[in-house]
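Morning, everyone. Please pull up the model on your screens. I'll talk about aromatic rings today.

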Amino acid sequence: MITGLEPLGRDALGEEDLAALVRTITGDPAAVASAVRVETVDYPIGTPSTESLHRVFGTTTAGADWSCFVKKLQSVRHSPIIELVPEAFRQSFIDYMPWNLEIAVHRSGVGDLMPDGMRLAKAYRIDLYDDDRGTIWMENVVQEWGPWPIARFERAAYLLGRLSARRQPHLVRPLLDREVSSVPGSALRYYANGRVQKAALPALTDPGTWRHPMLAAAVCNLSDHRLKDDLLELGERVPAVLDALDALPQCYQHGDASPQNLLVPHDSPDEFVVIDWGFDCPQAVGFDLGQLLIGLAHAGELSPEALPAVHKVILKAFQNGLAADGMHVSEEQVLYGYLGSLLIRATFTALPLELFGKAEASPELFEERVLLTRALVDLVSEVV
């Protein structure tokens, strides 16, 4: 009896299933596990449809090492965050949030559409349960260490452009068979009507928000006393921006293409392993560039001062990627799709207001996020 999988709860495999998994991972039809251990992944989970993340390591009786990454998924009705949603909106939130999107990714043909240099993580096993939960046992990608060089941003943008061109609505279907997944811009509008209009903008309008010691000190230290007014002026443009985005050429895109979701394998540093898809509907061309730009800055791994340089290279590279697969759109269209989407998706939520009163809040974090918010405001104001 092999033990060690107990931390996975009901996902702990029996001997036969474990043997099949190890043989799939190793490619050895005779492989037998001799030892197993589970590690909980120490990473902040920002998506309510993710229940937990684990890595499983083991050896075979022949002495071969193997590993896999285990991602537990759940309906948001199981997430603690549901208690923060007003009761009148809970059921619609549960119905709308596609907890099984990543499972659909691995069961779709999207991997075959990816350009050379991009691929899905290998999915070794998928388990589904009748209470709107599921688990994916997938490749444990050992990532390249260190910051992203500017050339990697450029290459990622180029490949995202190629992928977007291959997933125009007249060429493919959505990953999930839902009516809303065929409606252009529907996911961004849902986000805007909820997170932005009902939470972020009211908080930014509240004078008490700006009097909070952490935020007030950061704004004062950086002498950015127009930040509130600039954000609220942009907030008034949200409905018009959404309409303008819907009028642009549309593509099904990754939906959450931050560098954290474009894994760079240590043994193949020119390749991207694409995980954690989102926003399963057509979006304005250029949508994916927003998360590519700010993902590392939001995590504190890229200085806000570096964003203009990244912005410059990814815009052109994405347009070149589109053209390489036959989708010819103007730079102005890509720029508006990119920055208009960035306005809605990230500009109003970059300040960490949710950390007011929390132990992890720090003056340094608030100053960094004020700088990030200012960089976003200045960038999106170019076009909206």
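**Aromatic pairs in the model**

Let's begin with Trp148. Its relative accessibility is 14%, so Trp148 counts as buried, the cut-off being under 20%. Keep in mind that this is a predicted model.

How many aromatic pairs does the structure hold? Six. I'll take two of them.

Here is one pair: Tyr96 and Tyr190. Their ring centres are 3.7 Å apart and their planes meet at 10°, so this pair is stacked. Where do the two residues lie? Tyr96 is in helix H2, residues 87-96, and Tyr190 is in helix H6, residues 186-205. The pair therefore ties together parts that are 94 residues apart in sequence. Now, buried or exposed? Tyr96 has 16% relative accessibility, so Tyr96 counts as buried. Tyr190 has 29%, so Tyr190 counts as partly exposed.

Back to Trp148, this time with Phe272. The ring centres are 5.7 Å apart and the planes are at 45°, so the pair is tilted. This pair also links distant parts of the chain, 124 residues apart. Trp148 is in the loop between strand S6 (133-138) and helix H5 (150-166). Phe272 is in strand S9, residues 272-274. At 2% relative accessibility, Phe272 counts as buried. Add Phe153, and you have one aromatic cluster: Trp148, Phe153 and Phe272.

Last topic: charges over rings. Arg178 lies over the face of Tyr96, 5.4 Å from the ring centre. That is the Tyr96 of the stacked pair. Elsewhere, look at Tyr129. The charged end of Arg10 sits over the Tyr129 ring, 3.9 Å from its centre.

How values were computed. Residues are numbered from 1 along each chain as its sequence is written. This is a predicted model: local features need pLDDT of at least 70, side-chain atom pairs count only at pLDDT 80 or more; totals for chains, interfaces and linings use all residues. Side-chain values use heavy atoms; hydrogens and water are left out. Rings of Phe, Tyr and Trp (its six-membered ring) pair if their centres lie within 6.5 Å; planes under 30 degrees apart count as stacked, over 60 as edge-to-face and the rest as tilted. Helices (H or I, at least four residues) and strands (E, at least two) are DSSP runs, numbered from the N terminus. Buried means under 20% relative accessible area, exposed over 50%, partly exposed in between (1.4 Å probe, protein chains only). A charge sits over a ring if NZ of Lys or CZ of Arg is within 6 Å of the ring centre and within 35 degrees of the ring normal.
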